[in-house]
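Q: Please take a close look at one part of this structure and explain how that part is placed. Then set it in the wider picture, giving the cut-offs of each term for a reader who is new here.

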Amino acid sequence: MDLSCREDLVVDKAASVLAVADDSSTSADELQCLRARERTTAPSAMYLLLVQAQGVVEASRDHICCWIAEVALEFHFSRITTAVAINYLDRYLSQHASTPHRLQLVGLVAILIASKFHEKDGISMDEAKEIAANVFTVEDITRMEANMLSALQWKLHAVVPAMYIDTFLQDLQQTRLVSPICADITAVHHTAYSQLGFLPSIAAIAITHLAYDVHGLSKAPLDAYLKRMDMDAESDDVAECQRQLRMLLPAHLWKTKKRDRSPSPSGVDEVLHSPEPDDDDESVVPEAKRAKTS
């Protein structure tokens with residue numbers, strides 16, 4: 001009997017178990033840290049009613065959120081940078097009234113600060129002026145930047161749903177399949193004013209649940225994982241957040257969902273199913289990138 005081989009197997013297996021346990025512990029710590037901070041960087045869910053009285057309405061916010069997302073896309077910024085910029089926007093507007101015209105300046109400075117904080121190559125002052133078609137001067141932008149940082153109390157480590165979702169999917173080894181749909185749903189979440197009533201952790205669970213539904217995946221592993229992470233996937237808040245998002249999502253997102261249909265006249269059940277992408281498939285077309293504004 002080759003004892004050395006068996007010893008190697010035991011050592012390898014033990015190391016593997018320890019690595020998994022360590023990863024699980026690290027994820028639990030990360031999620032706990034996010035949950036401890038998320039309320040401190042959450043905007044008011046009623047600021048349009050309580051603070052904004054100079055013409056900024058829900059449609060105004062929707063428009064500027066989409067504009068921020070377009071700027072972030074042009075500069076190849078991460079989705080976390082986009083989400084953080086919208087968080088800065090909402091937190092500023094939770095304290096200061098704005099006019100529809102000035103709202104673009106608020107949005108511009110929000111993505112400016114977020115890019116400085118989260119990107120290696122943030123937006124420069126000249127680029128900021130060009131983005132806004134030179135409507136605002138350097139002095140306008142600089143003054144608003146100081147005002148926004150004061151309103152944020154320099155709490156720039158904003159917690160957003162994507163931070164939770166990335167950890168969920170990485171631990172569940174579903175990043176490649178589920179992450180794109182999560183990104184689409186998260187974009188809808190950020191532009192919907194009604195979603196401000198849900199904490200990022202709640203939104204993250206709801207978004208991930210919906211993404212699993214889109215792909216027809218069993219949510220049992222996800223719910224078991226969330227339970228281990230001490231996160232309640234069955235709370236009323238999660239259910240309500242998920243219900244609202246379902247109403248907001250475009251119909252095309254559900255085309256990949258596997259679902260049973262009524263039996264055909266011939267008695268053969270038809271099933272729609274979109275195959276999962278192969279990790280080794282090199283035919284996947286990369287996302288198109290736009291050149292950064294010079």
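A: L93 is buried, as its relative accessible area is 1%; buried here means under 20% relative accessible area, exposed over 50%, and partly exposed in between, with a 1.4 Å probe and protein chains only. This is a predicted model, in which local features need pLDDT of at least 70 and side-chain atom pairs count only at pLDDT 80 or more, whereas totals for chains, interfaces and linings use all residues. Residues are numbered from 1 along each chain as its sequence is written, and side-chain values use heavy atoms, with hydrogens and water left out.

L93 belongs to helix α4. Helices (H or I, at least four residues) and strands (E, at least two) are DSSP runs, numbered from the N terminus. Apart from neighbours within four places in sequence, L93 is in contact with Y47, V51, Q52, S98, L103 and V106, where contact means heavy atoms within 4.5 Å. One of these partners, V51, stands 42 residues from L93 in sequence, yet the two C-alpha atoms are 7.5 Å apart in space.

The partner S98 is found in the loop between α4 and α5 (100-118). With 2% relative accessibility, S98 also counts as buried. When residues up to four places away in sequence are not counted, S98 touches Q52, Q54, V56, L93, L103 and V106. L103, a contact of L93, is likewise in contact with S60, whose other contact beyond four places in sequence is G55. S60 sits in helix α3, and its 16% relative accessibility places it among the buried residues.

The helices named so far also lead to the largest pocket. α3 (58-74), α4 (79-93) and α9 (175-191) each supply at least two residues of the lining of that pocket. A pocket is defined on a 1 Å grid over the protein atoms alone: a cavity is a set of points where a 1.4 Å probe fits but cannot get out, whereas a pocket is an open set with protein on both sides within 12 Å along at least five of seven lines, and lining residues have an atom within 4 Å of a point. The largest pocket holds about 550 Å³ of space; grid points are joined across faces, edges and corners, and a volume is the space filled by probe spheres set on the points.

In total, 22 residues line the largest pocket, and those nearest its centre are A69, R79, T82, A183 and A187. α9 gives the largest share of the lining, 6 residues. By class, 11 lining residues are nonpolar, 6 are polar and 5 are charged; Ala, Val, Leu, Ile, Met, Phe, Trp, Tyr, Cys and Pro count as nonpolar, Asp, Glu, Lys and Arg as charged, and the others, Gly among them, as polar. The largest pocket lies between domain 1 (40-152) and domain 2 (161-253), because both give residues to its lining. These domain bounds come from an automatic or database domain assignment.

A second buried residue, H209, offers a further example. H209 is placed in helix α10 (residues 200-214), and its relative accessible area is 6%. Its contacts, leaving aside neighbours within four places in sequence, are K219, L222, D223, L226, A233 and Q242. The C-alpha atoms of H209 and Q242 are separated by 7.9 Å, although their positions lie 33 residues apart along the chain as a separation in sequence. R246, in helix α12, is partly exposed, with a relative accessible area of 35%.

Exposed residues can be set against these. W154 lies in the loop between α7 (138-151) and α8 (161-172) and is exposed, with a relative accessible area of 62%. D230, in the loop between α11 (220-228) and α12 (236-248), counts as exposed at 60% relative accessibility. Phi is near 60 degrees in W154 and near 60 degrees in D230.

As for the whole, the protein has 12 helices and 2 strands. Of its 294 residues, 42% are buried. Among contacts between residues at least 6 apart in sequence, 80% join residues at least 24 apart. The accessible surface comes to about 16,300 Å², and 53% of it belongs to carbon and sulfur atoms; accessible areas come from the Shrake-Rupley method with a 1.4 Å probe, and for residues only the protein chains shown count as cover.
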